[in-house]
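Okay everyone, thanks for coming. Let's put the model up on the screen and take a quick walk through it.

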Amino acid sequence: MERQVNAQNHPGAAHQGMAMQTIRHELRTPVNHIIGFSEMLLEEASDIELPARYDALQHVVAAGRNILAAITEILSGSGVAVRDSDLLTLHSRIAPYLNEINTVCAELIAVAEGEQRPQFAADLRKIAVAAGQLDQLSSGTLLPSDAPPPTDAPANSDATELEQLSGHLLLVDDNAMNRDMLSRRLERLGYRVTQAADGRPALNAMRATPFDLVLLDIMMPEMDGYAVLREIQSDPDLRRVPVIVLSALDDMTSIVQAIDLGADDYLPKPYDSVLLKARIGACLFKHHVRDMEAQYLKRIEHEKRRADDLLHIVIPIGVALSVEKDFNQLLERIVTEAQQLCNADGATLYLRTEDDRLRFMIVRTRSLDIAMGGASGKDIPFPPLRLYDEQTGAPQHNYVVANAALTGTTINIIDAYDTEDYDFSGTHDFDTRTGYRSTSMINIPLKDGFGRVTGVLQLLNAQDEDSKVIAFDEFSAQMLQSLGTLAAAALAAYTREQKLRQEISELRIEIDLVKKQREVEQITQSSYFGQLQERARQIRGTAATAESADSAPSAAQQRRDKGSELQKKVYTIGGQEIHVREQGPPNRQTILLIHGWSSSWYAMSPLLTLLSERSHCVAVDLPGYGESPPLRQRATIEAYVDLLAELIKEISPGQQVVLVGHSMGGMISVTMALRHTPLVERMVLICPTISGNLSFWINTFISPITMLERFPIASRVVALLEPYMLSVTDRLMRPASFADRTVIKADDYARLRADARRPGQGRVRAECFWAMRDNDLSDKLALVTTPSLVIWGMEDNTVPLRDASLVDDLLAGTDLQVLARAGHWPQFESPERTRRHIRAFLGKPLKLLRVQL
């Protein structure tokens, strides 16, 4: 036997499955009251610290949740009919829970009345009434259509008088107990709540009052929630308000329909209080973001209008200022254009001095025919204004011009005689002596590109078309601020240009001095000059002294002869021996030459003759290469850099050095410039390894060998096969290292590869191969501040040109020279061009290189 429930009697009926939905909705509504009022009473009891006996409400909450679970389990179908057997099963399942609820409520009602707590007793009776209604519905003695209509709660007449808290919410529900329960909970959370009992009153309230959020029920007698959502979406003014649907309808179809109609969220009743609070907060945040977006759009439109004005009025003035080359005319034009822009009668331009004063540069008052400073040729008798008190050092914010300079803000004064914020005694004294009346005043700070205030432009007495004094309006203030920015930029550009001209003049003097010094050195070091010196000594001295001078070279000549020879030396740094080759005068600046991977000092030998003419050259054998013993620890780029830094401190104490690095030596040089910047004056990088990734040739034929050499057992096998491998790699490395058309001597190539044949060098070569990969400098080049010359072979197949593009893009102020018909060894393949570029780079004064950098 089945009992048909007529879904058509319910105003919310919209589809075939509404019969089952209707009975579930009617059953879940009192469950919502039971759980909701119980949780609210528990919160209130906790807030006012009531006795522990009220904790019995926890059992009521648990019973309510068990009833909800039973309803969901037993009435889970979506058919049009509800069977009596389902209701009987449900009633028998929930009867014990209903009895427990009634028992707890009866006991606590008596306690509350005895303690004079009428509101508690009223809420407990609501729970008991909901339990009784649920008992009748589940037993079949009360049909959903026969349920007593809820009593409307009085309208929130005090809503307009409530203080705006964290959001104004509209609660729409036809059930008075639902509204009472939820509104009390929301107000406890700090929200302002307005209630509506049906859809139509809710829409009227939304059109009359701006709400931040709507909490909407679906099943209502006159206008259901779906119809309300349609109305909201059709009205552009209402569409901006977010909506959360709270309904006892928990099937997926109802949820999807509500979301499709524009609801922002959906929560089934009874809802979890924590989840409801989180959803409300999220929706209010989205509403706030939408309001901010609307404000930003208005601001963008305002800025667009302002940009149009700037484009047609202020920017042409700025262009005219930027091309002005005479300083006084530039100042004059700034003041004149500002006066014309807002029809100001008076103007004064101040510039900030290095001792924090504002110096009068131009004073203009048209009505008094006053023109001082600038292009007028007349001196300004007024002393500079101090920004800080001479005795205490306190900032002088009491003077309007000083305050504009100190704070960097525009200050607009409507009437200088009607304000007590600033000291206008000087202005009043000027007016008394001249008969003038200073009224409106605006002070515009002039800021450079770093935001520093370099001056202040003050304008007096804006005038309308009838020459009547008016205040500076907002539009005029914006235009003047824009003009002030352009004026500050023009002044900064002029100052930079003059400074650069001065530096160039000083550089020319320095270059001339260096040139003259070199000419003197060429003369004094010539044989003819030596003969003249010798002749002078012969004339001054005796014949015996002259004969002695002829037979024995001087000490200075001995030092020169010794410096011109290539000498082999060994330095010990922290217990580590470093073998070097030195050449050149020992009292000159040191140039440290660093070879690359699988090489030795000989890789830098073509440069020694050139560089040692005027510098003290030191070509190192890195530890593990040439004659230097390997490091005690694993070889890394940082270990080499720190070791060489200590070597520099020993051979060139207190004086910067020049680094010349090839291949891996270039990577060591750049890392040195980053880790030990004060030691390095400039760098010459020849085919430097930057990313650490070598060419396809190297990775294909060398990488596997280096991987084996990292392991002790495999390295011994590799050592046995090393003579055969080297003959193969010699043939493979030559096309990878040298250009096709390069003619390099066989002896030079054999000498370059000789270090690879040294016993035990394979382990160092393997460690350094992986050390370069671990020291990728691509992201660090932009941090290098050392002037650099980079030379690259166009046909370099060992460190390809992709690293050269990194250097050109990221290494600031670099002089990149790419040599045609050269590969990885430009110093051997194209020695003359390589030396010419290095000679020109080393001949440039350091100050000029710094300017380029």
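**Rings, charges and two helices**

So, counting rings of Phe, Tyr and Trp whose centres lie within 6.5 Å, we get nine aromatic pairs here. One of them is Tyr422 with Phe424, and that pair is edge-to-face, with 70° between the planes and 6.4 Å from centre to centre. Are those two residues buried or exposed? Tyr422 and Phe424 are both buried. And keep in mind, this is a predicted model.

Next, have a look at a group of rings. Trp601, Tyr602, Trp825 and Phe828 come together as one aromatic cluster. Tyr602 has something else going on too: Arg751 lies over the face of its ring, 4.3 Å from the ring centre. You can find another arginine doing this at Phe841, where the charged end of Arg682 sits over the ring, 5.6 Å from the centre.

Okay, on to the helices. When two helices pack, we describe them by the angle between their axes and the distance between those axes. Take α2, residues 57–74, and α3, residues 84–114: they pack at about 170°, and their axes are 9 Å apart. Angles over 145 degrees count as roughly antiparallel, so that's what we call α2 and α3 relative to each other. As for handedness, the crossing of α2 and α3 is left-handed.

Who's touching whom? On the α2 side, the contacts include Leu57, Val60, Ala63, Ile67 and Ile74. Over on α3, you'll find Leu90, Ile94, Tyr97, Ile101 and Leu108 among them.

That's my tour, thanks!

Technical notes. Residues numbered from 1 in each chain as written. Predicted model: local features only at pLDDT ≥ 70, side-chain atom pairs only at ≥ 80, totals over all residues. Heavy atoms only, no water. Phe/Tyr/Trp six-rings, centres within 6.5 Å; stacked < 30°, edge-to-face > 60°. Buried < 20%, exposed > 50% of the residue type's maximum accessible area, 1.4 Å probe, protein only. Lys NZ or Arg CZ within 6 Å of the ring centre and 35° of its normal. Axes fitted to C-alpha atoms, helices over the stretch in contact; angles between N-to-C directions. Helix = DSSP H or I, 4+ residues; strand = E, 2+ residues; numbered from the N terminus. Parallel < 35°, antiparallel > 145°, perpendicular 65-115°, else oblique. Left-handed = near helix turned anticlockwise from the far one by under 90°. Contact = heavy atoms within 4.5 Å.
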